[in-house]
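Biologist: Please take a close look at one part of this model, and then set that part in its wider surroundings.

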Amino acid sequence: MMPERRSITTEEAQALRHGSAEDRARLAALAAEDAGLTDDLADWDRQDAALVTLYSPVAEEPLPDRLLNMVRIARQSPPPRPTPVLWRLAAAVALLSLGFAAGWGGARLVPGAAMPMLAQAAMASYSTYAVEVRHPVEVGAEDEAHLVQWLSKRLGTPIRPPDLASEGFTLIGGRLLPGDASPAALLMYEDDLGRRVALYITRSEGAESELAFAEEPGRQAFWWVEDGLACALAGDLPRETLRRLTISAYHGLTEA
Amino acid sequence: MPFLDEIEAAIPGLRAYARALLRDREAADDLVQDTLEAAIARQGQWRGDGSLRGWLCRILLNRFRDGLRRRRPTATVLALVPEPLDLLAGRRGDDRLALAEVHAAMGKLPDDQRAALLLVALEGMSLAEAAAALGCAEGTLASRLGRARATLRQLTGRAPVSHRPGKVGE
């Protein structure tokens, strides 16, 4: 029979075991007083050793040409023009040719002054909350009237969640986040495949800005600033899908 | 080190991680190829101020999740694909049996737990690095690791005897 462990929880032990050198020393000190923990640590060491023995030899196998060729081909072609920051604003130009301007009211669609903080905040919020199974939102869509009242009050301007049903996305709720000029509202939408997008809205005292596109590994956002509101729609979807959602969101927010 | 050299140097490690994650040589190399393509295309986004390995793992895990979404309808069929035995080549006796047990148990873990455990155990990442690669909070990762380790222990015949009534059979 295995001795019981009392000093710390398994989660805490995991955090220490894979933490800093200081953390690991603390864990060793705890284990010295706790036979159950010592036993767990020995077991986890065995698990790690087995996983390394099983899978690390794969790294010694000769590399297939198809993987080496990825790098070889890249070496022969000139490197892509480095973007000064993460943001790729060229999408705004592409949108013009896609006929986006027709539905865009008076907004200017020229790539210009970047406002990366907005897109960054929206994408970070998307990444943080869209993966949440249990707590993606603070107030659910079933309480939409309360959600609208609450967010409008905290942002100091009417916030009405746009209807994205035409694109297959329904509101699942929203939450309040820290913001710059005002707190920010994050509205979360989901489609029937379980894909989520997050609409980030905050007050802006800055200049109005054209629609722009930002991209990072695993997440993208369209963002704009108009009529004192800075908005960004973030998700991990094909750009065309995100673009259509952005158009719907823009209309929903501006044609109240 | 120039970007492409660093990418090339990372390929063997990515292959091992992908193989352990997907448990199929071709599918794993597909995933690595996909990851390399995305990383090279987004070369301009690499700021060089973090761990390239972490960035690559992050791309790989995003692609992995995208792939899961796409293949979900046929998941039951994919589950019947025999597991590769080449990982156990050259192993004998008890050692082979124990490793085969661990490999089989890894296959039974939920994808997110397997992905998390391999980042710390195989890749040797810290909790913070692994949480960044997975795009989740460190607390979430710690509990995911705890669950993965408990399940692994149970499935490899080292389950602790439960002392607490009501916990049995959970």
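Modeller: The account below begins with one strand and its sheet, and then turns to other places in the two chains.

This is a predicted model, in which local features need pLDDT of at least 70 and side-chain atom pairs count only at pLDDT 80 or more, while totals for chains, interfaces and linings use all residues. Residues are numbered from 1 along each chain as its sequence is written, chains are lettered from A and ligands numbered from 1 in the order in which they are written, and side-chain values use heavy atoms, with hydrogens and water left out.

The part chosen is strand β4 of chain A, residues 196–203. Helices (DSSP runs of H or I, at least four residues) and strands (runs of E, at least two) are numbered from the N terminus. Of the 8 residues in β4(A), 7 are buried, and the strand is thus mostly covered; buried means under 20% relative accessible area, exposed over 50% and partly exposed in between, with a 1.4 Å probe and protein chains only.

Two strands count as paired if DSSP finds at least two bridges between them. Strand β3(A), residues 184–190, runs antiparallel to β4(A) and is joined to it by 7 bridges. Within this pairing, A:Leu199 of β4(A) has A:Leu187 opposite. The hairpin of β3(A) and β4(A) has 5 residues between the strands, and A:Gly194 there adopts a positive phi near 85°. Strand β7(A), residues 229–235, is also antiparallel to β4(A), again with 7 bridges. Here A:Thr202 faces A:Ala230 in β7(A).

These pairings belong to an open sheet of 7 strands with antiparallel pairing, in the order β1-β2-β3-β4-β7-β6-β5 of chain A. At its edges stand β1 (139–140) and β5 (209–216), each with a single partner strand, so one side of each has no neighbour in the sheet. Strand β2(A), residues 170–177, is joined to β3(A) by 7 bridges in antiparallel fashion, and A:Arg175 is opposite A:Leu186 in β3(A). Helix α7 of chain A (144–155) packs on the sheet and touches β1, β2, β3 and β4 of chain A, its direction making about 35° with that of β2(A). Helix α8 of chain A (239–254) likewise packs on the sheet, touching β4, β5, β6 (219–226) and β7 of chain A, at about 30° to the direction of β6(A). Contact here means heavy atoms within 4.5 Å. Axes are lines fitted to C-alpha atoms, for helices over the stretch in contact, and angles run from 0 to 180 degrees between N-to-C directions.

Chain A as a whole contains 8 helices and 7 strands. Of its 256 residues, 46% are buried. Among its contacts between residues at least 6 apart in sequence, 59% join residues at least 24 apart.

One residue of chain A leads to chain B. A:Gln47 lies in helix α3(A), residues 35–55, and is buried at 6% relative accessibility. Its neighbours within four places in sequence aside, A:Gln47 is in contact with B:Arg149, B:Leu152 and B:Arg153.

Helix α8 of chain B spans residues 138–155. The axes of α6(B), residues 111–121, and α8(B) come within 9 Å and cross at roughly 95°. That makes the two helices roughly perpendicular, the word for 65 to 115 degrees, whereas under 35 is roughly parallel, over 145 roughly antiparallel and the rest oblique. Among the residues that meet are B:Ala116, B:Leu117 and B:Val120 in α6(B), and B:Leu145, B:Ala148, B:Arg149 and B:Leu152 in α8(B). The residues of this contact divide into 7 nonpolar, 2 polar and 4 charged. In this scheme Ala, Val, Leu, Ile, Met, Phe, Trp, Tyr, Cys and Pro are nonpolar, Asp, Glu, Lys and Arg are charged, and the others, Gly among them, are polar.

Helix α7(B), residues 127–134, packs against α8(B) at an angle of about 100°, with the axes 9 Å apart. This pair is therefore roughly perpendicular too. The contact involves B:Leu127, B:Ala128, B:Ala130, B:Ala131 and B:Leu134 in α7(B), with B:Glu138, B:Leu141, B:Ala142, B:Arg144 and B:Leu145 in α8(B). By class it holds 8 nonpolar, no polar and 2 charged residues.
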